[in-house]
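User: I would like to learn how to read a ligand site and the packing around it. Please take one feature at a time.

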Amino acid sequence: MFKKILIANRGEIACRIIKTAKKLGIKTVAVYSDADLNSLHVEMADEAINIGPALVSASYLSIEKIICAAQESGAEAIHPGYGFLSENPKFPIALEKAGLIFIGPPVEAIKSMGDKITSKELAKKAGVSIVPGHMGLIKTVEEAVEVSMKIGYPVMIKASAGGGGKGMRVAWNDNEVKEGFYASKNEASNSFGDDRLFIEKYIVKPRHIEIQILGDSHNNLVHLGERECSIQRRNQKVIEEAPSTFIDKKTRKKMGEQACKLAKAVGYTSAGTVEFIVDKDKNFYFLEMNTRLQVEHPVTELITGIDLVEEMIKVAQGKKISFTQDDIKLNGWAIESRLYAEDPYRNFLPSIGRLTRYRPPNELTLPELVVRNDTGVTEGGEISIFYDPMIAKLCTWAKSRPEAIKLMQDSLDNFEIEGVGHNLPFLSAVMGHPRFLSGDITTAFIEEEYQEGFVGVRLEKKDLRLLCSAIASIHIFKEIRKSNISGRVNDKVEAVVDDWHVFVQGVQSRVKVVKSENDVLVQYADIETQKVNFKWSPGDVLVKFTINGEKYSLKVNNIIDGYRVRFRGADLKVQVKTSRQVQMSLVMLEKKEADTSKSLLCPMPGLVTSIDVSEGDEFEQGQTLCTIEAMKMENMLKAEKKGVVKTILARVNQSISVDQLIMEFE
Ligand code: ADP
């Protein structure tokens, strides 16, 4: 067994690899940039070596610095994690020269699978079904239009070097091909330093289903079943599960066999993933092969009981995989939710900032259920513009899908994140969405179910009442505390009002609230009474309630005129008033929201890369007004309706922040 390995990565994946190394008794070396001095992976590793400034090209992407760090620390092997150098063939080549072992597949496999066009050609030869398209590079916009017409709309323009959903555009007509051609080229060149494009048929509403494979250098190759990754925004995965509700035994076997065939054809060893898109008739088409550990690998680990990182480390030392295809049994159901620093209310645009509060739910490993949280952050840490905005991967496992989902709902309710915009409410919303619960999902799920964008969840009557009881109970508790504070007029318990009006989500409920020794009884006008039990101290945000015997976790913040309550994807303002306050509020004027319809505000922090209109120009609905680059993505800001440009305040190459005024309309 290796004595010491280096992890050429950061964040949650570095931490996750360190965990397995520790389990195997292997010492670990972390590398870190100046921005990561205080990060979790540095703290967890036995040693840590600084490899330079925050900019990835000068640190995490520097092969030279990483090799130096390995030599300095005496590490024998390097695990690349995902992203960064994991799929760069130059890295294992350089490692071999330096006498270091790469914990990953052979260079030739990385090379041939690293390019989407070459890999498709290889897949076709190996007898794997591929997406119909044009197997060549597209050089000019004219050629792009010609090829697209030949394939038949809709088509997808893709970067040959692509990854992470970047450099990818769907086009339904010639004009969209023209626009997409340049956008993809720019994105590909910015993200990969390689702007080669190709075009293939866009399969409408497919599922994204992938097969995990594992090979060793003794000709053993197995597949570990599928992962369903159809819940995506911007062609990037956000919720994954294993197995897939859509895949029957026969299809699983066929997909697994094709994945293994392709892996054999390139002499694959170590862990890898063959990605497919699957149409409604269960026809599946090869998309690409990822020659590394994937972000979503935990769901496979949870249903197979196999530690993929452990297998990768063993295979890298020339050991045999210790099980056969027949030994692999899929057990139960696992779900992964990716928590991102991104704003679901603004089309999932990335957000940055300090995690002023970071309290994940407790991890659990019981025979009937598992909660696993792979993370690389700690409270007080910073989500910066330099790296991926992922905060954590929350996974749950149970015997059945409904149980795994229920456990995920509870775990999300118990996850506290403050300080940065995050997608917890969105993840909760999906976990409660009837279509997700039914398993009838495709990659178009988010687009279809949130056509106007995500606006939060509207609670059903039953949940609304629970929330009403919970807040009424907290309120009475606070009122009693207030009346107990010494130095007040009577210096003894004042009579506390027990008759309240609770306002939430446009519903007004009149309740009588009675506190007994252990519980609070909340009585409604329709005579229903709910018995509430909870523990709360001022300053607590996460409050655990038992209401009529069932457990619920709510996030409750005091705000000026009430409470902000977050529960199951809903983010609501709750007000509790006395009858007198209700009467008074009837004669108060309502505050009006500012009118922003005449201005274009920047929805994300980024760089202005082009302004596509001039002052005085008339524009049509849907016309591109300007382009902002954020997190290496080109985001075109389009007109919501027809209008005329009055003044332009931003300029090209200017860095701008969220809500900064870009232009005003007449
Ligand atoms: P990347 O390597 O950038 O992640 P992929 O080729 O894996 O790109 O595709 C990412 C996602 O984009 C897929 O999961 C799928 O949802 C969508 N996609 C890719 N190609 C097609 C296609 N031809 N038709 C429909 N959807 C596609």
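Analyst: This is a predicted model. A place to begin is a polar pair between ligand and side chain: an N or O atom in the side chain of Glu-288 lies 2.6 Å from an oxygen atom of the ligand. The protein covers 95% of the 550 Å² of accessible area that the ligand has on its own.

User: Which elements give two or more residues to the shell around the ligand?

Analyst: They are strand S6 (155-159), strand S8 (197-201), strand S12 (270-278) and strand S13 (284-290).

User: Which residues come nearest, and what other polar side-chain atoms should I look at?

Analyst: The shell has 23 residues, and those nearest the ligand are Lys-116, Gly-165, His-208, Gln-232 and Glu-288. For His-208, a side-chain N or O atom is 2.4 Å from a ligand oxygen. For Asn-235, a polar side-chain atom is 3.5 Å from an oxygen atom of the ligand. Sorted by class, the shell holds 8 nonpolar, 8 polar and 7 charged residues.

User: Why does the ligand lie between domain 2 and domain 3?

Analyst: The thing to check is which domains contribute to the shell. Domain 2 (105-131 + 210-235 + 243-326) and domain 3 (132-201) both give residues to it, so the ligand lies between them.

User: How do I read a nonpolar core? Which members touch the most others?

Analyst: Look for the residues with the most contacts inside the set, then for the elements that supply them. In the largest nonpolar core, which has 37 residues, Ile-239, Leu-339, Ile-391, Ile-417 and Phe-436 touch the most other members. Elements that each supply at least two residues of this core include strand S11 (236-242), strand S14 (333-340) and helix H13 (424-431). H13 gives the most, with 6 residues.

User: Now a single helix. Why is H11 described as largely enclosed?

Analyst: Count its buried residues. In helix H11 (residues 308-316), 7 of the 9 residues are buried, so the rest of the structure largely encloses it. Among the buried ones are the charged pair Glu-310 and Glu-311. At its start, a side-chain oxygen of Asp-307 comes within 3.0 Å of the backbone nitrogen of Val-309. After the helix comes Gly-318, with a positive phi near 85°.

User: Last, is Lys-4 buried or exposed?

Analyst: The cut-off for buried is under 20% relative accessible area. Lys-4, in strand S1 (residues 4-7), has 17% relative accessibility and therefore counts as buried. Its side chain makes a polar contact with the side chain of Glu-47 at 2.4 Å, and the Lys-4 side chain also reaches the backbone oxygen of Ser-73 at 2.6 Å.

How values were computed
Residues numbered from 1 in each chain as written. Predicted model: local features only at pLDDT ≥ 70, side-chain atom pairs only at ≥ 80, totals over all residues. Heavy atoms only, no water. Near = heavy atom within 4 Å. Polar contact = N/O pair within 3.5 Å; in protein donor to acceptor, adjacent residues only side chain to side chain. Areas by Shrake-Rupley, 256 points an atom, 1.4 Å probe, with all protein chains shown as cover. Helix = DSSP H or I, 4+ residues; strand = E, 2+ residues; numbered from the N terminus. Domains from an automatic or database assignment. Core = buried A, V, L, I, M, F, W, Y, C linked by side-chain atoms within 4.5 Å. Buried < 20%, exposed > 50% of the residue type's maximum accessible area, 1.4 Å probe, protein only.
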